[in-house]
Amino acid sequence: MQAFNDLADFGNDELADLLTLAGRLERQPEPDALRGKVLSLLFLSPSLRTLASFQAAMTRLGGGSFVISPDMSIHGLESRPGIVMDGSAAEHIREAVPVIASYGDAIGIRAFAERKDLESDMAETEFAALTELIDTPYINMESAMNHPCQNLADWKTLDDLGIPANGGKFVLSWAYHPKALPLAVPASTLYMAARRGMDVTVLRPDGFGLPTPLMDKARDAAEAAGGSVRESEDRHEAMEGAHVIYAKSWSATDCYGDRLGDQALRKELVDWCVDDPWFDDAQEDCRFMHCLPVRRGVVVADRVLDGPRSVVIQEARNRMLAQMAVLHRMLGTPA
Amino acid sequence: MQAFNDLADFGNDELADLLTLAGRLERQPEPDALRGKVLSLLFLSPSLRTLASFQAAMTRLGGGSFVISPDMSIHGLESRPGIVMDGSAAEHIREAVPVIASYGDAIGIRAFAERKDLESDMAETEFAALTELIDTPYINMESAMNHPCQNLADWKTLDDLGIPANGGKFVLSWAYHPKALPLAVPASTLYMAARRGMDVTVLRPDGFGLPTPLMDKARDAAEAAGGSVRESEDRHEAMEGAHVIYAKSWSATDCYGDRLGDQALRKELVDWCVDDPWFDDAQEDCRFMHCLPVRRGVVVADRVLDGPRSVVIQEARNRMLAQMAVLHRMLGTPA
Amino acid sequence: MQAFNDLADFGNDELADLLTLAGRLERQPEPDALRGKVLSLLFLSPSLRTLASFQAAMTRLGGGSFVISPDMSIHGLESRPGIVMDGSAAEHIREAVPVIASYGDAIGIRAFAERKDLESDMAETEFAALTELIDTPYINMESAMNHPCQNLADWKTLDDLGIPANGGKFVLSWAYHPKALPLAVPASTLYMAARRGMDVTVLRPDGFGLPTPLMDKARDAAEAAGGSVRESEDRHEAMEGAHVIYAKSWSATDCYGDRLGDQALRKELVDWCVDDPWFDDAQEDCRFMHCLPVRRGVVVADRVLDGPRSVVIQEARNRMLAQMAVLHRMLGTPA
């Protein structure tokens with residue numbers, strides 16, 4: 001495997017293999033699988049789960065990793081092309097990224113969306129500029145539109161919980177948050193649930209509909225997998241019969257990159273906080289999912305997050321297991 | 001072993017086993033003992049020895065670790081219960097701690113005392129709130145009142161030096177420091193020396209007597225082990241015949257949580273800096289111990305710290321060996 | 001090997017052995033060579049390549065490492081001798097360094113020059129004060145005048161590229177940089193190229209000649225190895241027939257420690273930026289080397305750095321391989 005960037009790059013058998021392998025590694029440790037192998041971890045955006053789970057994953061497989069982040073005790077990194085570097089930055093990513101990659105057998109890179117221009121972010125301009133600099137295999141640890149490790153982990157969580165693929169009802173719901181957040185998680189989660197063959201409803205207020213190309217990509221995947229994708233602004237209708245609600249805040253597509261416009265749209269939407277009444281018409285054991293970090297009392301009420309519906313810790317633990325499977329296939333000796 | 005929190009939780013045979021194992025691992029490396037095992041390290045308070053020695057310990061046993069600290073490139077962590085998180089913190093410890101724990105086979109947690117309310121700190125309210133969030137085995141890397149890794153390391157140091165248990169005279173002395181410091185080290189060191197069966201004198205100025213429950217706990221342990229515990233304000237009397245002086249500054253119990261009151265008490269006490277004359281009536285080879293970090297010229301004179309009495313580096317190295325023993329018993333395959 | 005501090009400390013056969021071993025480890029991994037061994041890494045100055053490559057090196061050899069830097073979540077470190085520590089620093093390097101060293105089988109230390117006094121820096125006063133505190137083997141990760149890991153890596157790069165030793169023409173060129181930079185890389189690179197037996201030209205503007213003792217040391221090494229060392233201010237003459245130009249900015253020797261004097265000297269020298277015309281009379285395939293980080297458009301033009309002459313990424317990757325050889329000889333079991 002040369003890149004783990006987007007579930008859409010993989011066939012059904014490949015995804016099934018990764019999920020099976022993640023489950024096997026959960027039950028049967030393989031502390032020699034990646035003996036002496038090194039994963040470079042480059043964080044151009046902050047992290048907790050990804051930072052911890054990748055280090056743990058490599059250790060469990062017998063290898064190791066190192067972390068580089070501009071916040072650490074290193075000089076500043078410049079990313080603008082063609083610039084004369086007579087300011088404070090002492091190194092350009094054109095050197096830093098290939099150097100960091102050269103010490104690893106693979107590299108994980110995290111770089112959140114710039115969120116200035118939707119087309120540029122949809123085209124993954126920034127992330128592509130980084131991966132073009134390297135020859136080693138790479139893992140997308142969250143870019144403008146992708147978060148494949150989260151997606152694979154969530155797929156495993158849905159499987160672990162026995163939530164139906166075809167016939168399973170998955171509600172991806174926008175939630176309130178004081179700040180505009182990137183599209184990577186909602187975009188790639190929508191695709192994951194559709195690809196799994198579920199009946200997906202994107203529940204969101206006016207102005208927060210996901211960009212059309214993302215909806216189309218998910219609809220195509222759902223169609224091929226026996227599922228469906230639709231949108232709704234009506235909480236009651238959307239939640240009827242739901243097996244799972246996946247909450248996530250994201251920026252308003254209608255004013256992408258326009259911070260004040262986005263604030264004006266969201267300021268009336270503080271009631272988009274998932275709470276017990278949301279589940280009135282859902283399946284009895286409807287689950288609550290979130291990729292974390294989550295703001296308590298803002299995105300979700302404490303009683304939901306602390307109650308039996310919540311599977312957020314399982315999702316987070318499955319990050320490690322899903323990544324172990326990816327690393328095993330990327331760096332391990334073929335059987 | 002499910003928790004390593006307080007030496008008082010362990011029987012004599014268990015402590016003896018840990019000390020024996022620490023000595024064996026010093027002489028006979030076991031680089032396969034914890035192959036593929038992961039220790040999560042969560043630092044909610046700063047660290048140098050603990051940070052370094054736990055990472056080294058896991059590597060020496062063939063496993064690995066990862067470090068999470070709110071100072072790192074992660075979003076802020078909220079710890080107040082029931083709060084609506086619409087401020088700067090993006091994640092609550094109620095999610096962060098179980099997630100971090102879920103990646104490890106055990107977790108080490110450091111969280112210093114809040115030092116607002118003595119009863120709350122004595123009850124380990126904050127640390128208990130953290131460990132209640134997790135199912136995995138945990139290690140106390142210093143809480144409000146406990147620092148068991150330091151205690152086990154110091155016990156090993158006393159053994160290594162051949163300082164008598166019964167009949168050995170141990171002076172735990174308050175020392176000057178410009179700031180009020182937590183009680184974890186003096187409280188748990190007092191217990192350690194008493195539990196080892198030594199004759200312990202707590203040497204401290206007026207107002208700095210350790211809280212009565214801590215003194216009582218130590219007296220009970222000393223009694224059971226053939227030792228004794230007493231207090232003194234008189235340096236000459238306390239040091240007579242001493243085998244070891246363990247210096248440490250701590251906050252004034254009489255005005256706990258009252259920074260100005262504490263400052264008023266300590267400002268006259270700058271002469272509580274351990275220096276050569278302190279040893280006039282001690283054993284010829286009386287040792288100087290300190291858990292580090294130590295302020296030179298403030299807590300102890302350079303000539304003592306740099307002289308032959310000082311065993312502070314040995315204590316620090318024994319941190320790693322003691323922790324290796326704990327990790328081995330916690331995570332290793334039973335023989 | 002007790003110390004890796006300066007290539008001058010090693011015989012020709014020892015250097016050849018390290019280079020051969022680095023090449024072998026590149027082709028044949030040895031993930032068991034340093035099983036359970038620990039490298040302590042102490043960064044008193046910032047780092048990217050060194051930080052990453054040493055961690056990767058230890059993992060590839062089956063051991064591990066930990067990193068301590070005063071920027072991390074630790075209390076401040078005091079380095080002045082004899083001081084009364086009643087300020088903000090909570091720990092002195094006299095304790096911190098031996099403690100950190102005590103957890104490793106070897107320690108790597110980085111401490112850039114103070115650049116106040118040339119004689120003190122030439123005598124490595126500060127670095128020697130650190131290494132005197134420890135008994136364990138140590139690696140110089142860049143001090144005032146030495147950077148032996150960079151030198152060994154560059155030597156390997158020259159070998160890998162088939163650049164002649166005797167008869168090979170090596171130009172060490174000063175380059176513009178907005179700030180005065182340390183002498184460690186130019187001083188030790190000059191020695192490396194001379195020791196390899198190359199014909200070395202130090203190309204630099206007036207006022208930036210390297211200190212006489214460094215030139216003399218290099219001349220002696222060149223003489224013994226069949227090479228030569230000379231200086232020039234004339235770019236065209238210096239580059240004639242060159243096999244490689246190694247660019248690096250450094251502070252003005254004539255006003256060492258005098259920041260304003262240095263600025264006055266360098267402000268007219270912005271044209272010392274390596275660009276295509278520099279190569280007019282060089283060997284057709286003359287290479288561009290730099291230790292990184294490098295400022296684009298300041299030290300070197302983008303078209304040189306991005307073109308086929310540039311071998312800066314290979315140099316950086318060879319850091320890891322050279323360090324693996326050093327660690328193997330320092331910590332491995334003798335054959």
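**How chain C meets its copies**

Me: How many residues does the contact take from chain C and from chain B?
Reply: This is a predicted model, where local features need pLDDT of at least 70, side-chain atom pairs count only at pLDDT 80 or more, and totals for chains, interfaces and linings use all residues. Residues are numbered from 1 along each chain as its sequence is written, with chains lettered from A and ligands numbered from 1 in the order in which they are written. Contact here is two residues with C-beta atoms, placed from the backbone, within 7 Å. Counted that way, chain C gives 26 residues and chain B gives 31 residues.

Me: Which element supplies the largest share of the side of chain C that touches chain B?
Reply: Elements are DSSP runs numbered from the N terminus: helices are H or I, at least four residues, and strands are E, at least two. Strand 3 (64-68), strand 5 (91-92) and helix 3 (93-102) of chain C each put in at least two residues. The largest share, six residues, belongs to helix 3 of chain C.

Me: What relation do chain C and chain B have?
Reply: Copies are superposed by least squares on C-alpha atoms of residues with pLDDT of at least 70 in both. Chain C lands on chain B after a rotation of 120° with 0.0 Å of shift along its axis (RMSD 0.0 Å). That's the relation of a three-fold axis.

Me: What percentage of the interface residues of chain C are also interface residues in chain B?
Reply: The copies meet through different surfaces. The overlap is only 4%.
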